[in-house]
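Dear colleague,

I am passing on the structure below for you to look over at your convenience. My notes on what was found in it follow underneath.

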Amino acid sequence: MLIYIKGLEDERFARPLQLIANLFFEETEIRMDEGQKSELAVAVQLRQEGKQISAQAVLTADDKQYQAEYGKMVTAVDEKEHFKQVKNVVSHVFLHVLQAYTGITQKWGILTGMRPTKLLHKQNQAGVPAEAAHRKLQEEYLITEEKIDLMQRILDRQLTMVPDLYKVKDEVSIYIGIPFCPTKCAYCTFPAYAIQGKQGRVASFLSGLHYEMEQIGRWLKEKGIKITTVYYGGGTPTAITAEEMDELYALMYEVFPGVEDIREITVEAGRPDTITPEKLTVLKKWNIDRISINPQSYTQETLKAIGRHHTVEETIEKYHMARESGMNNINMDLIIGLPGEGTAEFAHSLAETEKLMPESLTVHTLSFKRASEMTLNKEKYKVADRTEVEAMMNMAEQWTKEHEYVPYYLYRQKNILGNLENVGYSKPGQESIYNIMIMEEVQTIIGIGCGAASKFIDRETGKIEHFSNPKDPKTYNERFSEYTEKKIDKLNKLFP
Ligand code: SF4
């Protein structure tokens, strides 16, 4: 879909308007000059009188006109913030005319970012009363009441779980990436390499990982910095052997400061085909608080279609095995909109979940990530339409409410089906603290291991710097010490 925007010259508008248009149409392109023949044209008039900014948009299509107007006082302190506020005014009228033209209401309004709850936290932290903050989200961002209510419930849960949420910036969390899986799933873009026959590679990867843990642990001890949470992700961290896991956790206790006081240690055991009684004994031995066993779906054909080589029965069996071994905080992930799935399959997944009742349930909406096999072969994978995806999302909301789960974090992705969100639900008191840390970006997260992304957060300004370790084990093995050094340099600047 090619959209011509008439009346705006600043090229900086093109990207945000494209993101908004993508909420309505597939693969839009925004043109601000009249060159090519466009499929849709929107005329925008922008006026500024003193601090008052106002915009008008007129969309003309099929001999009909759709109009919108909006204005606000700009309170910017610098040019960057000024443009952001002007951009929001333009986005506001642009969204309005697209909604009128298509008949689709965007529940998240003009917000296209990943972390809507951050906006509400910002207001809350600045002491803005909830009612005023909600009004702002509704008027300026056009977010619907339903989503604002969801954001508020999430914020309340987060502050109950982590009362010092706005102060944990003086601590850090640690993410440890283990890049191996039994096989590669079709929608996956994580650093995940099929483990079969790669034991030599696993061993050399682990020695690099041990080095990183030792160096980072030493730095934390020297600086007297506490660890809030540790998260083992990947890949599938339980794809390595029980002995390798045992060594890894033993090392964590040895080199990290105050492991007994870490608020939460999670190990993703995502793929049920990796779980064995021996590995569960190791997890228990080292007091791992929380694991994730991810069914994604309880329909066998779906698992086959997405390349997950395990059975539904295996998920259920491994779940019971984990329970019997004493694991008492288990998360399960479900994905809405997997190929070939509609409300009937999703209802089945919820009915199966009901028999297990994990402590938390994360409901993802399928997103077509750029590099995944599914995106590259889109025509091969039939997925549900917008209305059905929304119906499934509502089913999840209803089901969790009836079974006394509360939403405690959410994030959105680009190219997510139906422009919906991923929501983490949990039994009250068993929310994952790491998930809250990563979503709300309140503290530095040090990424260790293959493909691990670090997020360095300036404690004064909140400015975020991203830094990623190499994704493939070979490059990681060659360069881990150099990457560790770079991270320690950055950390020294944040924690002098
Ligand atoms: S189990 Fe997870 S990390 Fe591994 S291939 Fe599948 S989606 Fe990717």
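**Helix α8 and its surroundings**

In helix α8, which spans residues 277–285, the residues Lys-279, Leu-280, Val-282 and Leu-283 are buried, where buried means that 20 or more other C-beta atoms, placed from the backbone, lie within 10 Å of the residue's own, exposed that 12 or fewer do, and partly exposed anything in between. These four lie on the same side of α8, because they cover an arc of only 155 degrees around the axis, the arc being that of the directions from the helix axis to the C-beta atoms. On the other side of α8, Pro-277, Glu-278 and Lys-285 are exposed. The model is a predicted one, in which local features need pLDDT of at least 70 and side-chain atom pairs count only at pLDDT 80 or more, while totals for chains, interfaces and linings use all residues. Residues are numbered from 1 along each chain as its sequence is written.

Helices (H or I, at least four residues) and strands (E, at least two) are DSSP runs numbered from the N terminus. The buried residues of α8 pack against α7 (242–255), β10 (264–268), β11 (290–292) and α10 (312–324), with contact taken as C-beta atoms, placed from the backbone, within 7 Å. Just after α8, Asn-287 takes a positive phi of about 55 degrees.

**Strand β10**

Of the elements that α8 packs against, β10 is mostly covered, with five of its five residues buried. Glu-264, Thr-266 and Glu-268 point one way from this strand, whereas Ile-265 and Val-267 point the other way. Strand β9 (residues 227–234) runs parallel to β10 and is joined to it by four bridges, pairing being assigned if DSSP finds at least two bridges between two strands; Tyr-232 stands opposite Val-267 in β10.

**The ligand shell**

The residues around the ligand include Cys-181, Lys-184, Cys-185, Cys-188, Gly-270 and Arg-271, a residue being near if its C-beta atom, placed from the backbone, lies within 6 Å. By class, the shell has five nonpolar, four polar and two charged residues.

**The whole protein**

The protein has 15 helices and 18 strands, and buried residues make up 43% of its 496 residues. Its C-alpha atoms fill a box of roughly 70 × 55 × 45 Å, taken along the principal axes. Among contacts with a separation of 6 or more, 73% are between residues 24 or more positions apart.

With kind regards

Note on methods: Nonpolar A, V, L, I, M, F, W, Y, C, P; charged D, E, K, R; others polar. Contact = placed C-beta atoms within 7 Å.
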